[in-house]
Amino acid sequence: MTTVTTTTASATEPTLSGDRSRPRLNWRLRFGALSLIWGFSFLLIKVGTQGYAPFQVTLGRLVFGTAVLAAAMAWKRERLPRGARTWVHLTVAAFLLNALPFSLFAYSELTIPSTLAGICNATSPLWGMALSLVALSEDRPTRIRFAGLGLGFLGVLTVLGAWQGFHGLDVTGTAMALLASLSYPIGWIYVRRTLAGTGNSHLSMTGAQLLLAAVQLALVTPFFTSFPRHVSWLPLLAIAALGALGTGLAVLIQYGLVAEVGPTTAQMVTYFIPVIATAAGVAVLGESLRWSTPVGAVVVLAGAALTQMRPKGRVS
């Protein structure tokens, strides 16, 4: 679940200048909080779509998330990035890393459980590994990473129940969730090629990116939805929490972790998200769970972990 980082702790952070002030809370506590926030995001999406259209859920999420980052920027006296070229690239990044995947996940959860959406999100490192083979010449694969790629997609087939002919599975919703997870590494490759080393802070770049994504959804939403006739308070609260916590606060926590312990450790949050999403979906929403779902999820996470391994002595 990422912004200028991936909704999903993505593979490689672009190099941007930023503060490294000493945090007040131990990084392990913040790591746990981030895992919980992003893990519960899929439950919040499901609740939000019970009262509002998917585009409305996404728009609300982006508005609340942008408000949190705007407040943080005002507190730190940060300015938005300058330069037309930077804003053009940020517009593309906002679509690939925010507007598109957030909308796809919201639409997918109309027909699939939040548990499945959370597991599909964990495939993002697998897609990233596959794309890096053709898009990033400096990121050469190894046999272990190739094995992880194959193992991960075997886990996906297990989750989906391929041996049963995908019986009882909503193909469209599942495809949307998988496309959402694919959008993150595509966006990150674009960011690495166009926005790395701009000299702007993480906070400034992410604030601008979320603002642009909110504008994109604000332009699209009226054409596909009508104004709600009444206020559904519980879904609205879920959307507010999804935006303020799952998008705004989560980004601030993640960048703090990256600055303190590095991207390799920070991205490990990816492997806790589907576990928490599954537990939340089953315990809170009463979603059913077949044996193939947790088994396949473990295989997916094992494969994703292998794809992130680097040769000894190399800094990722």
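This is a short talk about how the helices of one protein chain fit together.

Okay, hi everyone. Before anything else, keep in mind that what you see here is a predicted model. Let's start with the overall picture. The protein chain has twelve helices and zero strands, so if you read the elements from the N terminus on, you just get α over and over. Of the 316 residues in the chain, 53% are buried. And here's a number I like: take the contacts between residues at least 6 apart in sequence, and 91% of them join residues at least 24 apart.

What does that look like for single residues? Take F31, which sits in helix α1. F31 and A266 are 235 residues apart along the chain, yet their C-alpha atoms are separated by 7.5 Å. Is F31 buried or exposed? Its relative accessibility is 12%, and since buried means under 20%, F31 counts as buried.

Now a second pair. A218 is in helix α8, and its C-alpha is 8.9 Å from that of Q56, although the two are 162 residues apart in sequence. A218 has 38% relative accessibility, so this one counts as partly exposed.

Next, let's look at helix α2, residues 54-76. I'll go through two of its neighbours.

The first neighbour is α9, residues 233-261. The axes of α2 and α9 are 7 Å apart, and the helices pack at an angle of about 45°. That makes α2 oblique to α9. The crossing is right-handed. If you want to find the contact on screen, look on the α2 side for residues including V57, G60, R61, F64 and G65. On the α9 side, look for I239, A240, L242 and G243, among others. Sorted by class, the residues of this contact are eleven nonpolar, six polar and one charged.

A handy thing to remember when you look at a list like that: an α-helix has 3.6 residues a turn, so residues three or four places apart point the same way.

The second neighbour is α8, residues 202-224. Here the axes of α2 and α8 come within 8 Å and cross at roughly 155°. That angle makes α2 roughly antiparallel to α8, because anything over 145 degrees counts that way. This crossing is left-handed. The contact of α2 with α8 has 15 nonpolar, eight polar and one charged residues.

What comes after α2? In the loop between α2 and α3 you'll find R77. R77 isn't a glycine, but it has a positive phi of about 60°. With 79% relative accessibility, R77 counts as exposed.

Last stop: helix α11, residues 273-285. How far should its 13 residues span? At 1.5 Å a residue, we'd expect 18 Å, and the end C-alpha atoms are 17 Å apart, so the two agree. The buried residues of α11 are I273, P274, I276, A277, T278, A280 and G281. Those buried residues pack against α1, α4 and α12. Right after α11 comes G286, which has a positive phi, near 70°.

So, to wrap up: we have a chain with twelve helices and zero strands, with α2 oblique to α9 and roughly antiparallel to α8. Thanks for listening!

Terms used:
Residues numbered from 1 in each chain as written. Predicted model: local features only at pLDDT ≥ 70, side-chain atom pairs only at ≥ 80, totals over all residues. Heavy atoms only, no water. Axes fitted to C-alpha atoms, helices over the stretch in contact; angles between N-to-C directions. Helix = DSSP H or I, 4+ residues; strand = E, 2+ residues; numbered from the N terminus. Parallel < 35°, antiparallel > 145°, perpendicular 65-115°, else oblique. Left-handed = near helix turned anticlockwise from the far one by under 90°. Contact = heavy atoms within 4.5 Å. Nonpolar A, V, L, I, M, F, W, Y, C, P; charged D, E, K, R; others polar. Expected span 1.5 Å × (residues − 1). Buried < 20%, exposed > 50% of the residue type's maximum accessible area, 1.4 Å probe, protein only.
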